[in-house]
Amino acid sequence: MYDPPAQSHRNAQHRFRAQNIRGSLDYPFNRSLKISFIPGIAFLNIARQDSIDVPPSPSAELRLTATGPFHAEKALDYFVRGGVRGNYTQVHSGGRTLHYVNVNLTGGGGFIFKLNTATQWQFNPFFGVFYSNIWQNTSTTRQRFVDDTYNLFTGEAGVEIQASPTTHIIGSIGFSFQTSEVIYNVGINFR
């Protein structure tokens, strides 16, 4: 439900802009704990287009989320989340195929403020901070160019709007504390 920002794929030669489509299959263990499987596909655009082909890139995430009331305040909840996400990208350029594999191990948490209205509409602003350890591998079938790990601190602020008991609209802005990247997310949940 509350996604940390997905980072753009990078290497020394290419800079990608991604448009992601992701779905979520959730299984609640109880009212405060759920596990989610989130498959996705990314459509990547490269800033330089000279004879570069990038097919759609698959991704998958497994996430565990716990929520609950923060202290005795009923309008303020907390959430804690951990997960692992992997994505794979191919880039065909100049008769050579590069393979990009990223695996993100992410954990973090934040707060959800519940604003109830006299109508069925509810507004739930949220803010979270996340830490990711990312393993990145770039290679051809014969040569490895990058095999590295790095850490990333990110944040996300947004609002979940409950339009009906079964429809939720989520908008958020994700950002990095270490770079100037800003990522906009829009989603619809049907329950």
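This report walks through the fold, the salt bridges and the aromatic pairs of a predicted model.

**Overall picture**

Let's start with the chain as a whole. It has 191 residues, and 37% of them count as buried. The secondary structure is quick to summarise: 12 strands and 0 helices. Read from the N terminus, the elements go β-β-β-β-β-β-β-β-β-β-β-β. Take the contacts between residues at least 6 apart in sequence, and 51% of them turn out to join residues at least 24 apart. As for the outside, the accessible surface is about 11,200 Å², and carbon and sulfur atoms own 60% of that.

**Salt bridges**

How many salt bridges does the structure hold? The count is 5. Here are three of them, with the closest N to O distance for each.

| Basic residue | Acidic residue | N to O distance |
|---|---|---|
| Lys34 | Asp26 | 3.5 Å |
| Arg63 | Glu61 | 3.1 Å |
| Arg144 | Asp147 | 2.8 Å |

The surroundings of these pairs are worth a look. Start with Arg63 and Glu61: are they buried or exposed? Arg63 has a relative accessibility of 2%, so it counts as buried, being under the 20% cut-off. Glu61 falls under that cut-off too, with 8%, and is therefore buried as well. This bridge also belongs to something wider, since Arg22, Glu61 and Arg63 are linked in a network of salt bridges.

Asp26 and Lys34 make a mixed pair. Lys34 is buried, at 17% relative accessible area, whereas Asp26 is partly exposed, at 41%. For Arg144 and Asp147, the values are 55% for Arg144, which is exposed, and 40% for Asp147, which is partly exposed. Arg144 lands in the exposed class because its value is over 50%.

**Aromatic pairs**

Now for the rings. The structure holds 6 aromatic pairs. One of them joins Phe127 and Phe175, whose ring centres sit 6.4 Å apart with 25 degrees between the planes, so this pair is stacked. Why does the pair tie together parts that are 48 residues apart in sequence? Phe127 lies in strand S9 (residues 122–139) while Phe175 lies in strand S11 (residues 167–176), so the pair bridges that separation. Both rings have some access to the outside: Phe127 is partly exposed at 38% relative accessibility, and Phe175 is partly exposed at 23%.

Another pair is made by Tyr131 and Phe153, and this one is tilted, with 4.9 Å from centre to centre and 50 degrees between the planes. It also links distant parts of the chain: Tyr131 is in strand S9 and Phe153 in strand S10 (residues 144–164), 22 residues apart. On accessibility, Tyr131 comes in at 33% and counts as partly exposed. Phe153 is partly exposed too, with 40%.

Which residues do ring pairs link into a cluster? They are Phe127, Phe175 and Phe177, so the stacked pair of Phe127 and Phe175 is part of that cluster.

**Putting it together**

Strand S9 makes a handy place to start browsing the model, with Phe127 in it and Tyr131 as well. For the charged side chains, a good stop is the network of Arg22, Glu61 and Arg63, where Arg63 is buried at 2% and Glu61 is buried at 8%.

Terms used: Residues numbered from 1 in each chain as written. Predicted model: local features only at pLDDT ≥ 70, side-chain atom pairs only at ≥ 80, totals over all residues. Heavy atoms only, no water. Salt bridge = Lys/Arg side-chain N within 4 Å of Asp/Glu carboxyl O. Buried < 20%, exposed > 50% of the residue type's maximum accessible area, 1.4 Å probe, protein only. Helix = DSSP H or I, 4+ residues; strand = E, 2+ residues; numbered from the N terminus. Contact = heavy atoms within 4.5 Å. Areas by Shrake-Rupley, 256 points an atom, 1.4 Å probe, with all protein chains shown as cover. Phe/Tyr/Trp six-rings, centres within 6.5 Å; stacked < 30°, edge-to-face > 60°.
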